[in-house]
Amino acid sequence: MENVLSRPQIRCLVALICCALWGSAFPCIKIGYEWLNITTVGSQILFAGYRFFMAGAVTFAVGCIVERRILRIKRDSAPHVMGLGFLQTTVEYVFFYIGMSNITGTKGSIINGSSTFFAILLAHFLVKDERLTWKKTLGCIIGFAGVVLVNIDGFAGGGISFMGEGMMLISTAAYGASSTIVKLISHRGTPMAITAYQLMFGGFLIIVIGLASGGHIEGFELKSVLLLAYMVFISAAAFSLWTALLKYNPVGKVTIYGFCIPVFGVIMSGIFLGENIFSIESLAALVCVCAGIIIVDRQDEGEENGNCKG
């Protein structure tokens, strides 16, 4: 597994699949709010809790079949995995779902793209051999410029809100931190075991928070059930693959592909939500985010045999 996932072409393909799945989640969340008439914060949080707890359960079941054993983690590893679940699932997605209810899918996906830079910065301090170079610094500056550009109308007219853009930035920071933590604890279990337990624990906490906040969801129909099933698949598949990539590769070489999340998110928001993805601000923001990550990626040219194109 290590030899396969550490190959540049395979790493690129798997990372792009993860980013495409996560990018599709932006319009799915907005559509889910509409189909299930979810309007309160408690219900938004509860919706997230259902998704992630079920994703953990599905990952656990599939992992037991794939590994031909009951997935377990060692007792001394439990606090680390549960801590990851609290940060990567509970904290990240409570803020994510609230934020997505107050901004467009396009803007949310672009802001979310800055998670790559949080991961690179934190890896410099926490992971050996992940030092911050001038190219990484330049890439981070250019990438964050994209976050500013997509909010330029808000800066001009006072349209930025803590419950919208603010929540998304907190969620993004939590994701960046959790990517580094995954690398640090990846030796404590198989990728599917870590993913299953952190999703179930984090999802359970989200459900508790949603119910305590007065959350209530009803009116499930076939289309909304299928939508929720797809969102469960997104989390189960993407987190399992991403955890495996981080286990066998440097943080920077994996999170670098995070620039594709806003690209996929913007395109899919335009297709499924009818949002205007061709505004000057959105296109300029995408260019900056992509350029920043490409600059960071280019520093590793020549270190590996083969390149990932596309």
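# Why the terms fit: helices and rings

Q: Which hand does the crossing of H2 and H13 have, and what does that term say?
A: In this predicted model, the crossing of H2 and H13 is right-handed, a term used if the near helix is turned clockwise from the far one by less than a right angle.

Q: Why are H2 and H13 called oblique to each other?
A: The axes of H2 and helix H13 (residues 260-273) cross at roughly 40° and come within 8 Å. Angles under 35 degrees would count as roughly parallel and those from 65 to 115 as roughly perpendicular, and roughly 40° belongs to neither range, so the two helices are oblique.

Q: Which residues of H2 meet H13, and how does the contact divide by class?
A: On the H2 side the residues include Leu16, Trp22, Phe26 and Lys30, and among those they meet in H13 are Ile261, Phe264, Met268 and Phe272. The residues of this contact divide into 13 nonpolar, 4 polar and 1 charged.

Q: What makes H6 and H9 oblique to each other?
A: Helix H6 (residues 115-126) and helix H9 (residues 162-185) pack with their axes 8 Å apart, at an angle of about 45°. That angle is not under 35 degrees and does not reach the range of 65 to 115, so the word oblique applies. The crossing of H6 and H9 is right-handed, and their contact has 9 nonpolar, 5 polar and no charged residues.

Q: Why is the aromatic pair of Phe26 and Phe96 called tilted?
A: The ring centres of Phe26 and Phe96 are 5.5 Å apart, with 55° between the planes. The distance is within the 6.5 Å required of a pair, and the angle is neither under 30 degrees, as for stacked rings, nor over 60, as for edge-to-face rings, so tilted is the term that remains.

Q: How do you know that the pair of Phe26 and Phe96 links distant parts of the chain?
A: Phe26 lies in helix H2 (residues 8-35) and Phe96 in helix H4 (residues 78-100), 70 residues apart. Both Phe26 and Phe96 are buried.

Q: What makes the pair of Phe52 and Tyr97 edge-to-face?
A: The planes of the Phe52 and Tyr97 rings stand at 75°, which is over 60, and their centres are 6.4 Å apart, which is within 6.5 Å, so the rings form a pair and the pair is edge-to-face. Phe52 is in helix H3 (residues 41-67) and Tyr97 in helix H4, so this pair ties together parts that are 45 residues apart in sequence.

Q: Why do Phe52 and Tyr97 count as buried?
A: Phe52 has 0% relative accessibility, and Tyr97 has 0% as well. Buried means under 20%, so the word holds for each residue. Phe52 and Tyr97 also belong to one aromatic cluster, whose members include Trp22, Phe26, Phe96 and Tyr175.

Q: How do you know whether Glu92 is buried or exposed?
A: Glu92, found in helix H4, has a relative accessible area of 3%, and because this is under 20%, Glu92 is buried. Not counting residues up to four places away in sequence, Glu92 touches Leu87, Ser171, Ala174, Tyr175 and Ser178.

Q: What is the secondary structure of the protein, and how much of it is buried?
A: The secondary structure comes to 14 helices and 0 strands, and buried residues make up 54% of the 310 residues in the protein.

Definitions and conventions. Residues numbered from 1 in each chain as written. Predicted model: local features only at pLDDT ≥ 70, side-chain atom pairs only at ≥ 80, totals over all residues. Heavy atoms only, no water. Phe/Tyr/Trp six-rings, centres within 6.5 Å; stacked < 30°, edge-to-face > 60°. Helix = DSSP H or I, 4+ residues; strand = E, 2+ residues; numbered from the N terminus. Buried < 20%, exposed > 50% of the residue type's maximum accessible area, 1.4 Å probe, protein only. Axes fitted to C-alpha atoms, helices over the stretch in contact; angles between N-to-C directions. Parallel < 35°, antiparallel > 145°, perpendicular 65-115°, else oblique. Nonpolar A, V, L, I, M, F, W, Y, C, P; charged D, E, K, R; others polar. Contact = heavy atoms within 4.5 Å.
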